[in-house]
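Trainee: I'm new to this one and would like to go through it piece by piece. Could you put it up so we can both look at it?

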Amino acid sequence: MHVISGMIERIRPMVTKGKETYKVSKYNWLVVKNDKLYVFNGITTAIVKVDKKHCEIMKKCLCKAEEIIDLELFPAEIVQTMKLCGFIVEAAFNEVEYLGVLSNVSRYNSDIRSITAVITTNCNFGCSYCFQNKEGIQVRNVMSSRVIDEIARHVEETKAKRMNLCLFGGEPLLYPETCVELCSKVKNAWGEKPGRLSMPLVTNGYFLTKNIAIGLSEVGVSVAQITLDGNSDVHNLRRPLLDGGSTFDVIVENAKIASEYMNIVVRVNIDKGYDYRLNKLDEEFNGYKVIIRPAVTRYEHCNQPERTSENISILDTMRESIGELKMEDVQLKIAGCSAVSLGMFTVMPDGELVRCWNEIDRKSSGERRSTLFDENIYAIKNIYKWLSWGPYSIESPCYSCKMLPNCGGLCPDDMMRKGKPYCHVRAETFEQAIKNQIKD
Amino acid sequence: MEIVKNPVNIEVEVELADPSSCDCYKPAYPQCGCIPEAHG
């Protein structure tokens, strides 16, 4: 009773008798492009161009987050537009709580299942910055048919309308027959179910030869992500074979051929001190169905988070300068990472389950991890730490961030381990991304 | 006031349902786009 009456007391001053009371959204951005004022809202992602005569009042009112707004200052049609675009919201409406609820709806939606299959943690590469494969190739470290059959059984039994199976490692194509066996069984298990099954592959590309690409494509693998760290000099230094041999030429050739059978996404890891020469890579793949995507080289596993932060900054600046800011930066992101969703899990080669890809090489802290063979692989108790995480509580460092609706709090693992987010986009870059949405 | 980009109807248009889906054609990534280290 006390709590409820307290809440009513809190809301009451905002309510004016017989009149709607509105406050300014927390997520309005006022940007100027070509001398014109635009307003963007992070939740609705709407953009409005403001008439000259209303510029001053809009500037004055819409930047005061959560303040009650006097609607009588505006013509009725403008009030209507502001409501429609989410620039103003009902006074009692808590936008952060709303985002949290949307996030939960998404996390517990049983229509989606997402499995990452770690085919092996072995790898043929000795990348300078990789957190895996420090113990060399281990013979028994490959997914067994028993584990594959169990994954297929889950796929067969699921009532989900969308199934995502990601082949991951280590380097999964060290064992192409295992990849084909898994995809083939999962494809059969999915059968004629209504909905969509997708099976992406994350590989270093060295073994993605024509025959393997054809074989994988035939069992339903429609996209592969490979990695090139810039031009051959840079790449070969950073991503050599275990014996130090170069890999660039083989991967490029494979990617070109494989792009005839599946979509290829090239990840380029950005790092301080390296000339990534993205444009040269663009030229290399000119005319092929290959998408190039820069990303950050991370060093948290080496206890050098400051290097990660530096790289985030470099990527941020680079994206701005090469016009790489895309729709994704200003979209609503409430689903967050799949590691905090009930219907997602990562299967290790022996059937052990982890939530996050970062956990693949992390030793268990003594607690028994659940396995694919457990009676209830979705047991909340085993994963409550992940499910209970969220950036929408008042204690979260993201709570007051204006970019929260459009980033979703980023990496839960980072936040849980370090207590702070590694923000990928600065406010200035975000503003630029909004401007890029405006075609004048 | 001219609407340059329409508001999304969040509960209808936005794919609340798919935490593993991706915004810009990067299906191998978690939605956040942060893949562990430099994998792959």
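Trainee: Which strands make up the three-strand open sheet, and in what order do they come?

Mentor: In this predicted model, the order of that sheet is E5-E1-E6, with the strands taken from chain A and the pairing antiparallel. Strand E5 (68-69) and strand E6 (88-90) of chain A are the edge strands, and each has a single partner, so one side of each is left without a neighbour in the sheet.

Trainee: How many bridges join E1(A) to E6(A)?

Mentor: Strand E1 of chain A, which covers residues 22-24, is joined to E6(A) by three bridges, and the two run antiparallel. Looking at a specific pair, A:Val24 has A:Ile88 in E6(A) as its bridge partner.

Trainee: Switching to the sheet with four strands, which ones are in it?

Mentor: That open sheet follows the order E2(A)-E3(A)-E4(A)-E1(B), again with antiparallel pairing, and its last named strand belongs to chain B. The edges are strand E2 (28-33) of chain A and strand E1 (2-5) of chain B, each of which pairs on one side only. On average, and with direction ignored, neighbouring strands in this sheet are turned by 30° against each other.

Trainee: And how many bridges are there between E2(A) and E3?

Mentor: E2(A) pairs with strand E3 of chain A, residues 36-41, in the antiparallel sense over six bridges, and within E3(A) it is A:Asn41 that stands opposite A:Asn28. The loop between E2 and E3 of chain A holds A:Asn34, a residue other than glycine whose phi is nonetheless positive, near 50°.

Trainee: Which helix lies across that sheet?

Mentor: It is helix H15 of chain A, residues 427-437, which lies across E2, E3 and strand E4 (47-49) of chain A together with E1 of chain B, and which runs at about 65° to E2(A).

Trainee: Back to that positive phi, what is the value for A:Glu66?

Mentor: A:Glu66 is not a glycine either, yet its phi is positive at about 70°. A:Glu66 sits in the loop between helix H2 (55-62) and E5 of chain A, and because its relative accessibility is 38%, A:Glu66 counts as partly exposed.

Trainee: Where is the cis peptide bond, then?

Mentor: The cis peptide bond is between A:Gly169 and A:Gly170, with omega at about 15°. A:Gly170 belongs to the loop that lies between strand E8 (162-168) and H6 of chain A.

Trainee: Since you mention H6, at what angle do H5 and H6 pack?

Mentor: Helix H5 (residues 145-157) and helix H6 (residues 176-190), both of chain A, pack at an angle of about 25°, with their axes 8 Å apart. That angle makes H5(A) roughly parallel to H6(A), and their crossing is right-handed.

Trainee: Which residues make the contact?

Mentor: From H5(A) they include A:Ile148, A:Ile151 and A:Val155, and from H6(A) they include A:Leu182, A:Val186 and A:Trp190. Sorted by class, the contact has eight nonpolar, two polar and four charged residues.

Trainee: Zooming out, how many helices and strands does chain A have?

Mentor: The secondary structure of chain A comes to 15 helices and 14 strands, and buried residues account for 54% of its 440 residues. Among contacts in chain A between residues at least 6 apart in sequence, 71% join residues at least 24 apart.

Definitions and conventions
Residues numbered from 1 in each chain as written. Chains lettered and ligands numbered in written order. Predicted model: local features only at pLDDT ≥ 70, side-chain atom pairs only at ≥ 80, totals over all residues. Heavy atoms only, no water. Axes fitted to C-alpha atoms, helices over the stretch in contact; angles between N-to-C directions. Parallel < 35°, antiparallel > 145°, perpendicular 65-115°, else oblique. Left-handed = near helix turned anticlockwise from the far one by under 90°. Contact = heavy atoms within 4.5 Å. Nonpolar A, V, L, I, M, F, W, Y, C, P; charged D, E, K, R; others polar. Pairing = 2+ DSSP bridges. Buried < 20%, exposed > 50% of the residue type's maximum accessible area, 1.4 Å probe, protein only.
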